[in-house]
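Me: Please take a close look at one part of this model for me. I would like the strand pairing in the middle of the chain, set against the rest of the fold.

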Amino acid sequence: MSPKASFLPILLVLAACSQQPAAPVTDAVVRLPAATGRPGAAYFTLHGGEKGRTLVSVSSPSAGRTEMHDMTMSDGMMTMTPLTNGVAIPAKGQVRFESGGKHVMLFDVKPGLKSGDAVQLRFTFSNGETAAVSAKAEAPGGGDMHSGH
Ligand SMILES: [Cu+2]
């Protein structure tokens, strides 16, 4: 326990130095499934902060299971690749999870969620840091990019 305790004052100094302690995650939305039983998707912006950080997982009490995917175009076809090694965000940089790119897939989404509802997301970073974020649920858009699942 003592290594953690001695680390705390350093964190406090860092927080005091930065003008606006940037949240690690902003602009979180959850795209609801187009039909019951289909996966939904979470999109957001990750911030590296002063030192950079690596996102290792995202979970939600509103989903039975989640996976981080990247979407790339190869030979004219969209392919989804699981992001199994996490996602590194450079210091002072940003990584966007957005439609047509990186996304978190939400399986077994709780039924009854509707547009405008708040969906809780829990982000875990490789340094042990976690962030609880409330994402806004959005109605499924046209063109279901996950229809291949
Ligand atoms: Cu996916």
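Reply: Burial comes first: 24% of the 149 residues in this predicted model count as buried. Contacts reach far along the chain. Among those between residues at least 6 apart in sequence, 68% join residues at least 24 apart. The chain holds 1 helix and 10 strands. The helix leads, and the strands follow it in the order α-β-β-β-β-β-β-β-β-β-β.

Now the pairing. Take β4, residues 63-74. β4 pairs with β5 (residues 77-82) in the antiparallel sense, over 6 bridges. Asp70 shows the register here: its bridge partner in β5 is Thr81. The hairpin of β4 and β5 has 2 residues between the strands. In that hairpin, Asp75 takes a positive phi near 55°.

β4 has another partner, β8. These two strands also run antiparallel, and 6 bridges join them. On this side, His69 of β4 stands opposite His103 in β8. So His69 has its partner in β8, while Asp70 has its partner in β5.

Next, the core. The largest nonpolar core has 23 residues. Ala28, Ala42, Val104, Leu106, Leu121, Phe123 and Ala135 touch the most other members. β4 and β8 are both among the elements that give two or more residues to this core. The others are β1 (25-31), β2 (40-47), β3 (53-59), β9 (118-125) and β10 (130-138). In soluble globular proteins, nonpolar side chains tend to be buried together.

Ala28 gives a view of the core from a single residue. Leaving aside neighbours within four places in sequence, Ala28 is in contact with Ala42, Phe44, Leu121, Val133 and Ala135. Of these contacts, Ala42, Leu121 and Ala135 are also on the list of residues that touch the most other core members.

Last, a loop for contrast. Ala91 lies between β6 (87-89) and β7 (94-97). Is Ala91 buried or exposed? Ala91 is exposed, because 11 other C-beta atoms lie within 10 Å, and the cut-off for exposed is 12 or fewer. Ala91 still has partners from elsewhere in the chain. Not counting residues up to four places away in sequence, Ala91 touches Gly48, Glu50, Lys51 and Gly52. Ala91 and Gly48 are 43 residues apart along the chain, yet their C-alpha atoms are separated by 4.7 Å.

Conventions
Residues are numbered from 1 along each chain as its sequence is written. This is a predicted model: local features need pLDDT of at least 70, side-chain atom pairs count only at pLDDT 80 or more; totals for chains, interfaces and linings use all residues. Helices (H or I, at least four residues) and strands (E, at least two) are DSSP runs, numbered from the N terminus. A residue is buried if 20 or more other C-beta atoms lie within 10 Å of its own, exposed if 12 or fewer, and partly exposed in between; C-beta atoms are placed from the backbone. Two residues are in contact if their C-beta atoms, placed from the backbone, lie within 7 Å. A nonpolar core is a set of buried Ala, Val, Leu, Ile, Met, Phe, Trp, Tyr and Cys residues joined through C-beta atoms within 7 Å. Two strands pair if DSSP finds at least two bridges between them.
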